[in-house]
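The following exercises train the reading of a protein model. Please study the structure first, and then work through each solution in turn.

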Amino acid sequence: MSSRREFVKGSVLAATGSLLPAGAAKDLLATENAPEATPASSAADGWYDRPMRWAQLAFVEDDPGNYDPRFWLDYFRAVHADAACLSAGGVVAFYPTELPLQQRSQWLGDRDAFGDLQAGCRAMGMNIVARTDAHACWQKVYDAHPDWIRVDASGQPVRHPSDPRYWETCALGPYNFEFMTSVHEEIMRRYKPDGIFTNRWSGSGMCYCEHCRQNFRAATGLDLPRTTNPQDPARKQYILWRQQRLFDLWRLWNEKIRAINPGACYIANAGGGALSELDMKTIDQLAPTLVADRQGRRGLMAPWANGKNGKEYRATMGGKAIAGMFSVGIEDEHRWKDSVQNGDEIRMWVADGIAQGLRPWFIKFNAKPIDKRWLPVVQDIFQWHYANEKYLRNVQPLARVGLVYSQQSAWFYGGEQAREKIEEPALGFYEVLVEARIPFEMVHDRCLDAAHLAPFRTLILPNIAALSSEQCASLGKFVESGGGLVATYETSLYDEWGVRRKDFGLASLFGVSYAGKIEENMRNSYLSLEKDPAASSVHPLLRGFEDAGRIVNAVNQVSVTPTGESRFTPLRIIPSYPDLPMESVFTRPGGTHLPGVYLERIGGGRVVYFPGDIDRTFWDVLNVDHARLLRNAVEWVTNEAPIVTVEGKGILDLAMWEQASSMTLHLVNLTNPMMLKGPVREIDPISGQRVSLRIPEGKHVRRVHLLVAARDVPYRTERDSIYFETPAIGLHEVVAVDFSA
Ligand SMILES: [Zn+2]
């Protein structure tokens with residue numbers, strides 16, 4: 001979040017091992033865009049929208065008496081954190097609990113580690129959320145209530161796999177409903193925090209304890225499932241019943257918390273994208289604010305995964321404040337919890353989250369910092385964020401394209417293969433849109449009503465296989481009224497329960513019928529590019545392919561039969577032929593070369609349907625032709641002038657936002673040899689970019705300036721757009737366009 005110059009400054013601070021004194025930080029920054037100080041509970045509709053920057057300190061048991069609270073309070077002040085999440089209880093109590101089954105930290109003595117730190121934060125006007133953890137308990141709990149412990153499929157209680165002094169708890173029975181409720185009530189009564197955040201509250205896997213068995217049988221008449229196949233009746237019921245139990249628990253904790261402090265709420269560590277377990281639409285009904293727990297990259301993962309997470313929460317939660325929790329350490333299965341991540345990796349991860357609307361929330365385990373290299377990094381990010389807060393309090397995104405995600409498709413159609421069948425097509429399309437520099441939002445498949453879809457011109461359905469008839473009807477209405485649609489592979493071939501239909505639910509939009517066969521794992525199949533004899537120029541879908549004869553096909557495809565009249569198609573499928581021996585590798589003559597894409601114009605809208613899983617294949621192979629083809633499809637169905645164009649070298653994640661009296665364009669520079677597998681070694685700057693921005697109707701531009709380069713930009717106005725060039729971009733740039741009142 002800072003220029004190279006500021007990064008160097010941060011490094012100097014790191015080398016001297018000291019932090020800025022609390023007062024001095026201000027002098028380093030232009031504070032004209034920073035907010036006026038507001039008291040912690042000023043807003044009439046609750047405090048939830050107030051905090052812009054979060055600090056989380058997760059105590060370890062030996063912290064009390066061994067750590068320096070002053071150090072942390074000074075740091076919170078220096079970074080302008082306006083809310084904190086502090087460890088209170090659950091596994092270990094960091095306050096003098098009177099609940100006999102809650103274990104006080106053995107280092108607590110007569111101290112109140114949580115209470116003292118909370119008082120210090122409150123004195124600085126911060127909002128406070130108390131952290132609890134519900135997933136583990138001590139032997140004394142086991143001895144008193146052996147039925148509170150998680151039981152595995154063989155009927156054995158489960159010891160904690162990392163620290164065998166603990167037992168794993170059952171999330172769906174009395175441990176949470178009774179014991180953790182009493183913990184939350186005690187914390188609320190003693191300290192009146194603004195909320196309680198619970199880590200690992202939803203269980204550590206299937207539990208076969210007596211409560212789970214009895215409750216599931218009472219609710220469904222079935223025994224707990226022994227298979228993960230979502231078409232097994234017990235598994236299908238379990239997926240729903242478990243959510244019901246957890247939402248009941250969420251409501252219970254909300255009610256008990258609010259009975260003591262009406263301005264507080266329960267903040268579950270929950271939510272996410274298609275692969276997340278709790279319905280995001282219901283989460284929206286329960287949560288006035290939430291935190292997206294995606295702490296860093298691991299394995300093959302692009303930095304835009306952080307922004308994606310923010311968009312997934314926003315899809316159902318709209319304008320509610322969503323914090324983006326990031327780790328300062330290495331996020332890896334080997335769990336180096338006391339590690340420190342490379343600074344530029346943290347910067348890129350957090351910059352992408354901020355661009356996509358997340359409010360930064362750093363998390364530090366262990367209050368005795370061993371490796372301090374992260375401190376100036378987070379300080380840089382937060383101070384820049386504070387200085388420019390006015391332009392980060394977004395009112396609404398301006399994107400015209402929506403990428404649909406579907407939890408029900410993952411649960412009931414994807415099952416154990418949900419990552420490959422549901423998430424990978426979405427990841428492929430996400431990468432396509434980032435490379436194409438098209439701003440877009442994620443859209444939840446239970447939010448396809450007219451109000452939710454009003455901002456969008458185009459919807460993309462990346463193998464959204466499981467859709468109800470009502471959802472299909474909503475999509476039909478969207479197209480009829482002028483919307484564009486791009487869909488791939490098995491989209492709508494299953495109902496909302498993952499049961500295959502006789503034909504696509506969207507058959508009339510696609511202009512095809514299911515021909516009864518899926519071709520999987522095809523080798524050596526192609527798409528030939530066709531020229532329309534009746535047209536003088538190449539079809540827009542093939543723009544950029546003028547000199548190409550054929551491109552590679554997808555790996556899997558649905559066999560379909562066209563239902564409409566026969567017409568020109570720009571792509572035809574060359575069926576698979578042998579790839580060995582080499583003498584055998586040639587296109588076989590004859591046969592019908594079916595269309596590789598179907599284009600429809602319905603009402604005012606346009607539809608592109610690909611029977612192949614081009615998007616998933618793209619994520620697998622990253623073939624540039626597929627990226628171009630999918631981009632062309634999105635542009636053809638969108639059929640309007642883009643709201644933004646950014647020309648120049650590099651890969652940029654874009655976001656466009658409107659604030660109270662301004663709009664912003666975020667340009668996050670992801671150009672990096674470590675873009676798809678972190679951590680990045682350093683930020684690689686890119687050259688200046690030529691930008692055109694469409695100005696919303698009725699707005700008049702007063703000033704265009706850059707929030708990272710910290711200077712005005714000369715621009716020219718032409719019709720409804722402004723044109724300008726940015727200087728070279730390091731980590732990111734944010735273009736702020738002020739409107740006259
Ligand atoms: Zn259980």
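Gly484 stands opposite Arg606 in strand 22; the exercises begin from this pair. The model is predicted: local features need pLDDT of at least 70, side-chain atom pairs count only at pLDDT 80 or more, and totals for chains, interfaces and linings use all residues. Residues are numbered from 1 along each chain as its sequence is written.

**Exercise 1.** Determine in which sense strand 15 and strand 22 pair, and over how many bridges.

Solution. Helices (H or I, at least four residues) and strands (E, at least two) are DSSP runs, numbered from the N terminus. Two strands pair if DSSP finds at least two bridges between them. Strand 15 comprises residues 484–488 and strand 22 residues 605–610. Their pairing is parallel and extends over 5 bridges.

**Exercise 2.** State which helices pack on the sheet, and which strands each touches.

Solution. Contact requires that the C-beta atoms of two residues, placed from the backbone, lie within 7 Å. Axes are lines fitted to C-alpha atoms, for helices over the stretch in contact, and angles run from 0 to 180 degrees between N-to-C directions. Helix 9 (residues 304–317) touches strand 12 (401–405) and strand 13, and its direction makes about 50° with that of strand 13. Helix 15 (residues 469–480) touches strand 14 (458–461), strand 15, strand 21 and strand 22; the direction of helix 15 makes about 130° with that of strand 22.

**Exercise 3.** Give the strand order of the open sheet and explain why strand 13 and strand 21 stand at the edges.

Solution. The sheet has 6 strands in the order 13-12-14-15-22-21, with mixed pairing. Strand 13 (440–444) and strand 21 (598–602) each have a single partner strand, so one side of each is left without a neighbour in the sheet. On average, neighbouring strands of this sheet are turned by 20° against each other, direction ignored.

**Exercise 4.** Locate Arg335 and Arg437, and decide whether each is buried or exposed.

Solution. Most residues other than glycine have a negative phi. Arg335 has a positive phi near 60° and lies in the loop between strand 9 (322–327) and helix 10 (343–355). Phi of Arg437 is also positive, about 60°, and Arg437 is found in the loop between helix 13 (418–435) and strand 13. A residue is buried if 20 or more other C-beta atoms, placed from the backbone, lie within 10 Å of its own, exposed if 12 or fewer, and partly exposed in between. Arg335 has 11 such neighbours and is therefore exposed; Arg437 has 20 and is therefore buried.
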